[in-house]
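Please open the model in your viewer and keep the sequence panel beside it, so that each selection can be followed in both places. The stops below are meant to be taken in order.

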Amino acid sequence: MNDSAFDSFLKEFIPQVADKENQLSKALWILETTGSEDASRLLATLDNEFKLLFSDEKIYEKLIYFQKNGITDPFLNRQLNILINEFKANMIPKNLLKEISEKEASLALTYANFRTQIDGKVFTENEIRDILKQEKDVELRKKAWDASKDVGITLADKIVYLAKLRNKVANHLGYDNYFDMMLDLNEINKDMLFETFNDLKVQTDESFVKMINEVNETLANEYNVGIEDLGPWAWKDPFCQKDPIEHTKIFKIFENLDILEIARSFYDKMGFCIEDLIKRSDLYEREGKNQHAFCIDMDRKGDVRTLNNIKPNAQWMETLLHEFGHGVYYQCIDSKLPWLLRTVSHTITTEALAILMGRQVSTKEFLQDFCACEDEQLLNDIEKGTKREQLVFSRSAFLITEFEKCFYEDPDQDLNNLWWDLFEKYYSIKRPENREGKQDWAAKYHIGLAPVYYHCYLLGEVFASTLHNQLLQVAKDDKIWKKPAGKFLEEKLFLPGNKYRWDYLIEYITQKPLSSDAWVSECNR
Ligand SMILES: [Zn+2]
């Protein structure tokens, strides 16, 4: 009885949501491909209308009523839980909701328009990153690293204010703080998260420290300074997240290759046709267009698109495989599923798949198969670089996740000190000097604007490693671009859509709960 009442409710409510989401996607697509101001205003209006659909208290009460009376069908129950989580975050005083969106929009604008200076000359974020990637002059590197943190001083107060508003929302909904709320609404168990991260750290600390010692030696030689004089300025990116030892050679491999054709052939070998996806996508650089990359499911009916800015280098090869990975996932979801379940299961599962696909680019097998690269020394160097990056990135994910936990527990503490305490804890490197009174934590985009999200990247990496091993077994080969591997992904990961919670889906695919084994052994290899 309750089941059929809920089903009727869905039939009436969902078409409105589906329609609004489709309009929202269209406005977003126009904005990202053109930079149109009209599209930006339209997007804000539609976003507000979309949120309004999920803030009707009468409907929320109805959903709670359905929940209390119990839904017997597991897939109806899944849809009910998805809706309740969606509504819950909006069940707060409207003025608070409004203040938060305004503050977030203003923070985003300040961030986007911020330009730093070195010796009186203005630099964009990309220009700063380029200096850290290539420059040999130590003094200029130090200035560039320093300049990369300037934005933090401008943003810090705004972020702290916003964090307190976010905590108010959480308290209103019965959570201790925003960090706990976000994990819960995203179906992630906090104890499990920290236990997993601790396990990853403990099991790879030895490899990490060994790697850091080698890195320090290399960097000290590269810049002709003593090891004790090294600092984050010597790394190749502002947040110590990438391989600190440059290997530009992998970039050159793709110089004269058609990377779109390689991507097409890669997916074709797995049995996935990406012609439609390519046709709908916006692939090349253009004035006014978003400079990054993403994939979007426009209507949950097969209109899947990617935005890219293809250039013939390794980074775009990886990005292309990554975004098309999200794309084939969306495309292969069972089209007969109800709308709420006709999407990916979680950020973790779709990121894991996309990361797995992108990662192939730096494997020997890929470079041999698709780029005819046979230089053993180079192939070994590239694989070593991937391992370094995997270790380094994990430390930054540990740092950011623990920082956010402590930040939302007490936004008034000395946050810069907290940031560098955690840096020393996870990187086994001393903090740089003269950072007192700075706000280096606030320079990291995600802390202010994509809060309580970073852990998903690392959980995605971990699941990607497990999935990789499984696909090799299925393919009975040393490479995953084989039809049986594609078929396995389609049946086990893609088709079920959002029928199962992400952790159950992982168990369904791998026959056991999310395990760190594969990731750990990759790091310790
Ligand atoms: Zn992605």
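What follows is a tour from a metal site through aromatic rings, cysteines and a helix to two backbone angles.

Before selecting anything, note that this is a predicted model, in which local features need pLDDT of at least 70 and side-chain atom pairs count only at pLDDT 80 or more, while totals for chains, interfaces and linings use all residues. Residues are numbered from 1 along each chain as its sequence is written, and side-chain values use heavy atoms, with hydrogens and water left out.

**The zinc ion**

Select the zinc ion to begin: which atoms coordinate it? The donors are NE2 of His322, NE2 of His326 and two entries for OE of Glu351, at 2.1 to 2.5 Å; donors here are N, O and S atoms within 2.8 Å of the metal (3.2 Å for Na, K and Ca), and since water is not among the atoms, sites may look incomplete. Along the sequence, the donor residues follow the spacing H-x3-H-x24-E.

The angles subtended by the four donor atoms run from 52 to 142°, which makes the arrangement irregular. That word is used for anything that fits none of three patterns: four donors are tetrahedral if all angles lie between 85 and 135 degrees, and four are square planar and six octahedral if opposite donors are over 155 degrees apart and all others between 65 and 115.

Now show helix α14 (residues 314-332), where histidine 322 and histidine 326 are four residues apart and so separated by about one helical turn. Helices (H or I, at least four residues) and strands (E, at least two) are DSSP runs, numbered from the N terminus. Histidine 322 is buried at a relative accessible area of 17%, and histidine 326 is buried too, at 8%; buried means under 20% relative accessible area, exposed over 50%, and partly exposed in between (1.4 Å probe, protein chains only).

**Aromatic rings**

Next, colour the aromatic side chains, among which the structure holds 41 aromatic pairs. Rings of Phe, Tyr and Trp (its six-membered ring) pair if their centres lie within 6.5 Å, with planes under 30 degrees apart counted as stacked, over 60 as edge-to-face and the rest as tilted. Phenylalanine 6 and phenylalanine 9 form one such pair, and because their centres are 6.1 Å apart and their planes at 20°, the pair is stacked. Both residues lie in helix α1 (residues 2-34), three residues apart, about one turn of the helix. Phenylalanine 6 is buried at 0% relative accessible area, and phenylalanine 9 counts as buried at 9%.

Moving on, select phenylalanine 75 and tyrosine 500, an edge-to-face pair with 6.0 Å from centre to centre and 70° between the planes. This pair links distant parts of the chain, 425 residues apart, with phenylalanine 75 in helix α4 (residues 74-88) and tyrosine 500 in the loop between α21 (483-494) and α22 (502-510). Phenylalanine 75 counts as partly exposed at 29%, as does tyrosine 500 at 26%.

**Cysteines**

How many disulfides does a search of the whole structure find? The search finds zero, a disulfide being a pair of cysteine sulfur atoms within 2.5 Å. For cysteine 295, the nearest cysteine sulfur is that of cysteine 332, 12 Å away, and cysteine 295 is buried at 13%. Cysteine 371 has its nearest cysteine sulfur in cysteine 373, at 7.1 Å, and counts as buried at 14%.

**Helix α20**

Turn to helix α20 (residues 454-475), where tyrosine 454 is placed and is buried at 4%. Leaving aside residues up to four places away in sequence, tyrosine 454 touches Gln241, Phe393, Ser396, Ala397, Ile400, Lys444 and His446, where contact means heavy atoms within 4.5 Å. Phenylalanine 463 is also in helix α20 and counts as buried at 0%; under the same exclusion of residues up to four places away, phenylalanine 463 touches Thr349, Ala352, Ile506, Ile509, Thr510 and Leu514.

**Two backbone angles**

Finally, select glutamate 187, which has a positive phi of about 60° although it is not a glycine. Glutamate 187 is found in the loop between α9 (178-185) and α10 (190-223) and counts as buried at 19%. Cysteine 240 likewise has a positive phi, of about 50°, without being a glycine, and lies in the loop between α10 and α11 (249-253), where cysteine 240 counts as buried at 2%.
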